[in-house]
Amino acid sequence: MSELLHKVDFDPYVNQIFQVQPESADPVEMELIELTEKEYPGQESFSLIFRGPLEPVLPQRTYKLVHTEMGEIQLFMVPINYHRQDAIFYQSIFNRLIEE
């Protein structure tokens with residue numbers, strides 16, 4: 001998978017499971033539950049929300065994610081408060097200028 005990821009790369013995988021692989025722990029299954037695009041002139045901006053188990057809580061950092069169709073990617077993920085108590089939620093945000 002290319003290092004430069006775009007919203008369209010994730011569109012087919014909303015509501016699907018990714019394996020998040022912390023460096024010194026067992027893989028953690030997370031579901032991509034939300035893909036939100038923001039409209040800014042000359043810029044691509046979108047965010048991903050993943051739902052993970054209550055334990056372990058992963059700190060913010062870059063993780064290797066594996067998906068059966070998408071393959072391996074690296075994402076910086078941050079735990080967030082998503083107003084629910086049945087899971088831990090993580091967000092990845094993408095912002096880049098569109099090259100013309």
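Which residue stands opposite F50 in strand 6? I began my notes with this question, and I found that the residue facing F50 there is Y90. I keep in mind throughout that the model I am reading is a predicted one.

**Entry 1: the barrel**

I then looked up how the strands are arranged, and I found a closed barrel of six strands in the order 1-2-3-6-5-4, with antiparallel pairing. From one strand to the next, the twist averages 45°. As a reminder to myself, strands of a sheet pair through backbone hydrogen bonds, and they may do so in parallel or antiparallel fashion.

I went through some of the pairings in turn. Strand 3, which covers residues 43–52, runs antiparallel to strand 6, and ten bridges join the two; the F50 and Y90 position that I opened with belongs to my notes on strand 6. Strand 5 also runs antiparallel to strand 6 (residues 88–97), and here I noted three bridges. On this side Y90 appears again, since P79 stands opposite Y90 in strand 6.

Strand 4 (residues 61–67) and strand 5 (residues 71–80) are antiparallel as well, with seven bridges between them. The connection from strand 4 to strand 5 is a hairpin that passes through three residues. Within my notes on this pair I marked V66, which has E72 of strand 5 opposite it.

**Entry 2: the nonpolar core**

Next I asked which residues have the most contacts inside the largest nonpolar core. This core has 22 residues, and I wrote down F10, M30, L48, F50, L65, L75 and M77 as those with the most contacts inside it. I checked where the core residues come from, and strands 1 (17–21), 2 (28–40), 3, 4, 5 and 6 each supply at least two of them. Strand 2 gives the most to this core, with four residues.

I followed two of the listed residues further. For F10, setting aside neighbours within four places in sequence, I recorded contacts with L5, L32, L35, F46, L48, M70, I73, L75 and F94. Two of these partners, L48 and L75, are themselves named among the core residues with the most contacts.

**Entry 3: L65**

The second residue I followed was L65, which is found in strand 4. Is L65 buried or exposed? L65 counts as buried because its relative accessibility is 0%, where buried means under 20%. Leaving out neighbours within four places in sequence, I listed its contacts as F18, Q19, V20, F50, G71, E72, I73, L75 and M77. I also looked up the separation of L65 from Y13, and from C-alpha to C-alpha they are 13 Å apart in space, with their positions 52 residues apart in sequence.

**Entry 4: salt bridges**

I turned to charged pairs, bearing in mind that side chains of opposite charge can pair when their charged atoms come close. How many salt bridges does a search of the whole structure find? The search gives four, and I followed up three of the pairs, beginning with E31 and R51.

The side chains of E31 and R51 meet at 2.5 Å, N to O. This pair links distant parts of the chain, with E31 in strand 2 and R51 in strand 3, 20 residues apart. E31 is buried, as its relative accessible area is 18%, whereas R51 is partly exposed at 26%.

E44 forms a salt bridge with R96, and I noted 2.7 Å between the closest N and O atoms. This pair too links distant parts of the chain, from E44 in strand 3 to R96 in strand 6, 52 residues apart. E44 counts as buried because its relative accessibility is 13%.

I looked further around E44 and found that its side chain also makes a polar contact of 2.7 Å with the side chain of H6. Beyond neighbours within four places in sequence, the contacts of E44 are H6, K7, F94, N95, R96 and I98.

The last pair I noted is K64 and E72, whose closest N and O atoms are 3.8 Å apart in a salt bridge. K64 counts as partly exposed at 27% relative accessibility, and E72 also counts as partly exposed, at 48%. E72 had already entered my notes as the residue opposite V66 and as a contact of L65.

Technical notes: Residues are numbered from 1 along each chain as its sequence is written. This is a predicted model: local features need pLDDT of at least 70, side-chain atom pairs count only at pLDDT 80 or more; totals for chains, interfaces and linings use all residues. Side-chain values use heavy atoms; hydrogens and water are left out. Two strands pair if DSSP finds at least two bridges between them. Buried means under 20% relative accessible area, exposed over 50%, partly exposed in between (1.4 Å probe, protein chains only). Contact means heavy atoms within 4.5 Å. A polar contact is a pair of N or O atoms within 3.5 Å; within protein, one must be able to donate a hydrogen and the other to accept it, and residues adjacent in sequence count only if both atoms are side-chain atoms. Axes are lines fitted to C-alpha atoms, for helices over the stretch in contact, and angles run from 0 to 180 degrees between N-to-C directions. A nonpolar core is a set of buried Ala, Val, Leu, Ile, Met, Phe, Trp, Tyr and Cys residues joined through side-chain atoms within 4.5 Å.
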